[in-house]
Amino acid sequence: HFFDFLNFQNMDPHNISATISPELSSSLVQRLEARAKTRTFEQLFDTYLPTLPASATVVDIGCGTGVLARRLHATRPDFTGTYIGVDQSPFFVETAKRLASEAGVDLSQGRYQFVVGDAHGWAG
């Protein structure tokens, strides 16, 4: 199993997500979506999102499938700020866009954006 191999090699699958096959990317998408439904993530969203100022700019580094954007959209209709999801995997970014659109997130206005980028190379 691919994930067992990564664990054995002490490799982080998210650091190599931009270079793996679409089949393996699909497996990671399934894991990310399942992880977002765990009680730990539910509590994280339930604790964080209500405290977010309505006009905030949210930069989601390693956005994966865009779970945070979808949850923000669903739970904060008063949110007037900007969400920018960044991931190094083009596959994840395209998946995030698709899932966000399916969830009713309007990507055409620029308030919700998903971009391919690698935060490892960003200067602070």
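1. Let us start at Lys37, which sits in the loop between H2 and H3. Helices here are DSSP runs of H or I with at least four residues, strands are runs of E with at least two, and both are numbered from the N terminus. Lys37 is exposed, with a relative accessible area of 63%. For these labels, buried means under 20% relative accessible area, exposed means over 50%, and partly exposed lies in between, using a 1.4 Å probe and protein chains only. Between Lys37 and Val67 there are 9.6 Å from C-alpha to C-alpha, and the two are 30 residues apart in sequence.

2. A word on what you are looking at. This is a predicted model, in which local features need pLDDT of at least 70 and side-chain atom pairs count only at pLDDT 80 or more, while totals for chains, interfaces and linings use all residues. Residues are numbered from 1 along each chain as its sequence is written, and side-chain values use heavy atoms, with hydrogens and water left out.

3. Now the overall plan. The protein chain has 5 helices and 3 strands, and their order along the sequence is α-α-α-β-α-β-α-β. Of its 124 residues, 37% are buried. The chain exposes about 7,200 Å², with 55% of that supplied by carbon and sulfur atoms; such areas come from the Shrake-Rupley method with a 1.4 Å probe, and for residues only the protein chains shown count as cover.

4. How far along the chain do contacts reach? A contact means heavy atoms within 4.5 Å. Take the contacts between residues at least 6 apart in sequence: 67% of them join residues at least 24 apart.

5. Phe92 is a good residue to follow. Helix H5 (residues 90-102) contains Phe92. Is Phe92 buried or exposed? Phe92 counts as buried because its relative accessible area is 1%. Setting aside residues up to four places away in sequence, Phe92 touches Ser17, Ser25, Leu28, Val29, Leu32, Gly64, Thr65 and Asp87. Pro22 is 70 residues from Phe92 in sequence, yet their C-alpha atoms are 9.9 Å apart.

6. Two of those partners belong to helix H2: Ser25 and Leu32. Ser25 is buried at 2% relative accessibility, and Leu32 is buried too, at 10%. The C-alpha atoms of Ser25 and Phe92 are separated by 7.6 Å, although their positions lie 67 residues apart along the chain. Beyond its neighbours within four places, Ser25 is in contact with Ser17, Ile20, Phe91 and Phe92. Leu32 and Gly64 are 32 residues apart along the chain and 7.3 Å apart by C-alpha atoms.

7. Next, the largest pocket, which holds about 480 Å³ of space. Its lining has 26 residues, with Ile61, Gly62, Cys63, Gly64 and Asp87 nearest the centre. Which element gives the most to this lining? H3 does, with 4 residues. Elements supplying at least two residues each include helix H2 (22-35), strand S1 (57-61) and strand S2 (82-87).

8. Finally, the aromatic rings. The whole structure holds 4 aromatic pairs, and one cluster is formed by Phe79, Tyr83, Tyr112 and Phe114. Rings of Phe, Tyr and Trp (its six-membered ring) pair if their centres lie within 6.5 Å; planes under 30 degrees apart count as stacked, over 60 as edge-to-face and the rest as tilted.

Note on methods. 1 Å grid on protein atoms, 1.4 Å probe; cavity = no way out; pocket = protein on both sides within 12 Å on 5 of 7 lines; lining within 4 Å. Points joined across faces, edges and corners; volume = space filled by probe spheres on them.
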